[in-house]
Amino acid sequence: MLYVVINTQGEPIAQGLTLAEAGHAILTHDGARYELRPDEDGEGWILWSKSLNGRWTQCVFGSWQTDRDAAEAVILAEVVRAADAFNGWTAEAIPQADFDAMQARLAEEGAE
């Protein structure tokens with residue numbers, strides 16, 4: 001499945017993204033950065049983010065996967081799933097097919 005990431009105004013930021021690419025776009029759309037750091041006990045990885053000109057902050061997302069790439073895939077998928085719960089506070093991802101259908105409906109309504 002492919003995704004579209006939309007900003008807080010509902011405008012598309014990027015289209016045709018994989019789940020991991022959508023998670024990356026959500027985390028970085030406003031100039032923020034993120035990184036994965038090893039969990040304190042050495043088992044798994046924790047997401048940290050830094051807003052533009054801000055401080056690094058530990059996020060609620062993490063994975064017990066010991067392989068960093070596998071952990072990143074899990075964490076980015078969780079970011080996508082959770083983004084819509086922020087009710088417009090941050091960018092969110094929607095399936096590309098849903099976005100395309102919405103655009104088609106809007107075009108039809110505009111043509112009437």
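This report describes the fold, a helix pair, the salt bridges and three individual residues of a predicted model.

## Overall architecture

The protein contains three helices and six strands. Read from the N terminus, these elements follow the order β-β-α-β-β-β-α-β-α. Along the principal axes, the C-alpha atoms occupy a box of roughly 60 × 30 × 20 Å.

The protein has 112 residues, and 33% of them count as buried. Among contacts with a sequence separation of 6 or more, 38% join residues that are 24 or more positions apart.

## Helix α1 and its surroundings

Helix α1 spans residues 19-28. Its buried residues are Ala22, Gly23, Ala25, Ile26 and Leu27. The cover over these buried residues includes strands β1 (3-6), β2 (12-17), β3 (33-38), β4 (45-50) and β6 (92-95), together with helix α2.

His24 also belongs to helix α1, but it counts as partly exposed because its relative accessibility is 38%. Apart from residues up to four places away in sequence, His24 touches Tyr34 and Leu76. Leu76 is 52 residues from His24 in sequence, yet the two C-alpha atoms are 6.7 Å apart.

## Packing of α1 against α2

Helix α2 covers residues 68-83. The axes of α1 and α2 come within 8 Å of each other and cross at roughly 65°. An angle from 65 to 115 degrees counts as roughly perpendicular, so α1 is roughly perpendicular to α2. The crossing of α1 past α2 is left-handed.

On the α1 side, the contact is made by Leu19, Ala20, Ala22, Gly23, His24, Ile26 and Leu27. On the α2 side, it is made by Leu76, Ala77, Val79, Val80, Arg81 and Ala83. By type, the residues of this contact are ten nonpolar, two polar and one charged. Ala22, Gly23, Ile26 and Leu27, which take part in the contact, are also among the buried residues of α1.

## Salt bridges

How many salt bridges does the whole structure hold? The search finds three. Side chains of opposite charge can pair when their charged atoms come close.

One salt bridge joins Arg37 to Glu35, with 2.6 Å between the closest N and O atoms. Both partners are partly exposed: Arg37 has a relative accessibility of 24%, and Glu35 has a relative accessible area of 28%.

Two further pairs lie in helix α2. Arg68 and Glu72 form a salt bridge with an N to O distance of 3.2 Å. They are four residues apart in α2, which means that about one helical turn separates them. Glu72 is buried, with a relative accessible area of 18%, whereas Arg68 is partly exposed at 31%.

The other α2 pair is Arg81 and Glu78, which meet at 3.4 Å, N to O. These two residues are three places apart, about one turn of the helix. An α-helix has 3.6 residues a turn, so residues three or four places apart point the same way. Is Arg81 buried or exposed? Arg81 counts as exposed because its relative accessibility is 52% and the cut-off for exposed is over 50%. Glu78, at 34%, counts as partly exposed. Arg81 thus has two roles in the model: it pairs with Glu78, and it is one of the α2 residues that meet α1.

## Arg33 and Gln9

Arg33 is part of strand β3. It is partly exposed, with a relative accessibility of 47%. When neighbours within four places in sequence are set aside, Arg33 is in contact with Trp48, Ser49, Lys50 and Trp56. Arg33 and Trp48 are 15 residues apart along the chain, and their C-alpha atoms are 8.5 Å apart.

Gln9 sits in the loop between β1 and β2. With a relative accessibility of 58%, Gln9 counts as exposed. Its C-alpha atom is 9.6 Å from that of Thr90, a residue 81 positions away along the chain.

Notes: Residues numbered from 1 in each chain as written. Predicted model: local features only at pLDDT ≥ 70, side-chain atom pairs only at ≥ 80, totals over all residues. Heavy atoms only, no water. Salt bridge = Lys/Arg side-chain N within 4 Å of Asp/Glu carboxyl O. Buried < 20%, exposed > 50% of the residue type's maximum accessible area, 1.4 Å probe, protein only. Axes fitted to C-alpha atoms, helices over the stretch in contact; angles between N-to-C directions. Parallel < 35°, antiparallel > 145°, perpendicular 65-115°, else oblique. Left-handed = near helix turned anticlockwise from the far one by under 90°. Contact = heavy atoms within 4.5 Å. Nonpolar A, V, L, I, M, F, W, Y, C, P; charged D, E, K, R; others polar.
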